[in-house]
Amino acid sequence: MADLIADLCQVKTFKDYGYVGCHRNAKVERAGRRYCGLHDPSRVAARKAKLDEKRAARRKALDDRYNAGADLVRRLGAGQPYDGGVWLSRDEAEALLARLKETR
Ligand SMILES: [Zn+2]
């Protein structure tokens, strides 16, 4: 029995309102602790780095989209940035139409 427990991953996971030991077989040993393939610290770090990279790319795409809308607002002098474009209230739209008619 002791050998069976010694061969298990030593990470505690949260399950059913409490912490229990991981039930997977250990594959690697790092700094005196044994880990399964899922909880191997180097693989955990690699997964986290990949996720951080994906989140940063998504964050940049959202920021670029917002900044495109903010740039339009700055150039128009009216409205609020909205989903990569501009949201105008009725008054702001009427004022812009009036300005357009003046320039024609
Ligand atoms: Zn594990």
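## An exposed tyrosine in a turn

Tyr-17 counts as exposed, because just 5 C-beta neighbours lie inside 10 Å. The cut-off for exposed is 12 or fewer. Tyr-17 sits in the loop between E1 and E2. Its backbone is also worth a look. Tyr-17 has a positive phi of about 70 degrees, although it is not a glycine. Most residues other than glycine have a negative phi.

The model is predicted. Confidence in it can be read from the pLDDT. The chain averages a pLDDT of 92. In all, 94% of the residues score at least 70. Among the elements, helix H1 (residues 2–6) has the lowest mean pLDDT, at 60. Helix H2 (residues 41–76) has the highest, at 96.

## The overall layout

How many helices and strands does the chain have? It has three helices and six strands. Along the sequence they follow the pattern α-β-β-β-β-α-β-β-α. The radius of gyration of the chain is 28 Å, while the globule rule gives 13 Å for 104 residues, so the chain is more spread out than a compact globule.

Other values describe the layout further. Along its principal axes, the C-alpha trace spans about 90 × 30 × 15 Å. Buried residues make up 4% of the 104 residues. Now take the contacts with a separation of 6 or more. Residues 24 or more positions apart account for 12% of these contacts.

## The first hairpin

Strand E1 (residues 12–15) and strand E2 (residues 18–21) run antiparallel. Four bridges join them. In one pairing, Thr-13 stands opposite Val-20 in E2. In another, Phe-14 has Tyr-19 as its bridge partner in E2.

E1 and E2 form a hairpin, with two residues between them. Asp-16 is in the turn and has a positive phi of about 50 degrees. Tyr-17, in the loop between E1 and E2, has a positive phi as well, of about 70 degrees.

## From E2 to E4

Ala-26 is in the loop between E2 and strand E3 (28–30). Is Ala-26 exposed, partly exposed or buried? It counts as partly exposed, because it has 19 C-beta neighbours inside 10 Å. A buried residue needs 20 or more. Leaving out residues up to four places away in sequence, Ala-26 touches Asp-7, Leu-8, Cys-9, Arg-34, Tyr-35 and Cys-36. Asp-91 is another matter. The C-alpha atoms of Ala-26 and Asp-91 are separated by 67 Å. Along the chain, these two residues are 65 residues apart.

Arg-30 is found in strand E3. It is exposed, because 11 other C-beta atoms lie within 10 Å. Which residues does Arg-30 touch, not counting those up to four places away in sequence? They are Tyr-35 and Pro-41. Arg-30 and Ser-42 are twelve residues apart along the chain, and their C-alpha atoms are separated by 9.2 Å.

Ala-31 lies in the loop between E3 and strand E4 (33–35). It is exposed, because it has 6 other C-beta atoms within 10 Å. Ala-31 is not a glycine, yet it has a positive phi of about 50 degrees.

## Helices H2 and H3

H2 has 36 residues. At 1.5 Å a residue they should span 52 Å, and the end C-alpha atoms are 52 Å apart, so the two values agree. How many of the 36 residues of H2 are buried? The count is zero, and H2 is hardly covered. Just after H2 comes Gly-77, which takes a positive phi of about 80 degrees.

Helix H3 (residues 90–103) has 14 residues. From its first C-alpha to its last, H3 reaches 20 Å. This is close to the 20 Å expected at 1.5 Å a residue. H3 is hardly covered, with a count of zero buried residues among its 14. One general point helps when viewing a helix. An α-helix has 3.6 residues a turn, so residues three or four places apart point the same way.

Conventions:
Residues numbered from 1 in each chain as written. Predicted model: local features only at pLDDT ≥ 70, side-chain atom pairs only at ≥ 80, totals over all residues. Expected span 1.5 Å × (residues − 1). Rg over C-alpha atoms; globule rule 2.2 N^0.38 Å. Contact = placed C-beta atoms within 7 Å. Pairing = 2+ DSSP bridges. pLDDT = per-residue confidence, 0-100.
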